[in-house]
Amino acid sequence: MEIATPHGPARVELDEVADPGLLLVLTHGAGGGVDAPDLLAVRDAVLPLGVAVARVLQPFRVAGRRVPGSAARQDEAWEALAADLAARFSGVPLVQGGRSNGARVACRTARAVGAQAVVALAFPLHPPGRPERSRADELRSAGVDVLVVNGGRDSFGVPDAADAARLMVLPEEGHDLKRAPGRVGEVVAGWLEERFRLRRREAAACEGR
């Protein structure tokens, strides 16, 4: 489905469950899409916990661009689409997240959209080779608990454990987190299960809304 934002439509792939206990909204990196291996692995891992999952292709990608543009425009679009999704799941706790640039957006907008937690995959702490240009303040200012899952070989750096509620470093992974994406899914599902006291279900019925 498509959701209108002030900067063009966003496209959403929605996997539903019966009587969801949580809505997890995920998005991609700057030049990527919603079928990134780690995003799909997270979806597959959390559905059995009764978590509905919305994977969002942001407006700049729908328009065919690989560069997000200004953070202000990206955040404004995200706040609009997150509000729309939250309204569709009224009363269901919202967690948002994404990989790389998407993780930054999720941290920056968490307070504004009323998210209860953030899942940050491959958080790009700094541009490759530029550690002086740290983005740690985006983690620190999220205002909610943030789970960070990064690869130990990520050229964008690895955040400090003190700047997140939990940091999981997967030693053999790079920035794409694609060597063992199932492990990424397990980490996220375990944290959400613990953080929100979710119960694993026998089956999660998935269908588009």
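Here are three short exercises on this predicted model, each with a worked solution.

**Exercise 1. Work out the strand order of the open sheet and find which strands stand at the edges.**

Start with the order: the eight strands of this open sheet run 1-2-4-3-5-6-7-8, and their pairing is mixed. Now look at the two ends. Strand 1 (2-3) and strand 8 (166-170) each have a single partner strand, so one side of each has no neighbour in the sheet.

**Exercise 2. Describe how strand 3 pairs with strand 5, then say which strands helix 3 and helix 6 touch.**

Take the pairing to begin with: strand 3 (residues 22-27) and strand 5 (residues 94-99) run parallel and are joined by five bridges. If you want a spot to click on, Val-25 has Gln-96 as its bridge partner in strand 5. Next, the helices. Helix 3 (residues 71-88) packs on the sheet and touches strands 1, 2, 3, 4 and 5, with its direction at about 155° to that of strand 3. Helix 6 (residues 181-196) also packs on the sheet, touching strands 3, 5, 6, 7 and 8, and its direction makes about 165° with that of strand 7.

**Exercise 3. Locate Arg-135 and decide: buried or exposed?**

Go to the loop between strand 6 and helix 5 (136-140), and you'll find Arg-135 there. Its relative accessibility is 16%, and buried means under 20%, so Arg-135 counts as buried. Then check its surroundings: beyond neighbours within four places in sequence, Arg-135 contacts residues including Arg-104, Phe-123, His-126 and Phe-156. For Phe-123, the C-alpha to C-alpha distance to Arg-135 is 9.1 Å, with their positions 12 residues apart in sequence.

Definitions and conventions:
Residues are numbered from 1 along each chain as its sequence is written. This is a predicted model: local features need pLDDT of at least 70, side-chain atom pairs count only at pLDDT 80 or more; totals for chains, interfaces and linings use all residues. Side-chain values use heavy atoms; hydrogens and water are left out. Two strands pair if DSSP finds at least two bridges between them. Helices (H or I, at least four residues) and strands (E, at least two) are DSSP runs, numbered from the N terminus. Contact means heavy atoms within 4.5 Å. Axes are lines fitted to C-alpha atoms, for helices over the stretch in contact, and angles run from 0 to 180 degrees between N-to-C directions. Buried means under 20% relative accessible area, exposed over 50%, partly exposed in between (1.4 Å probe, protein chains only).
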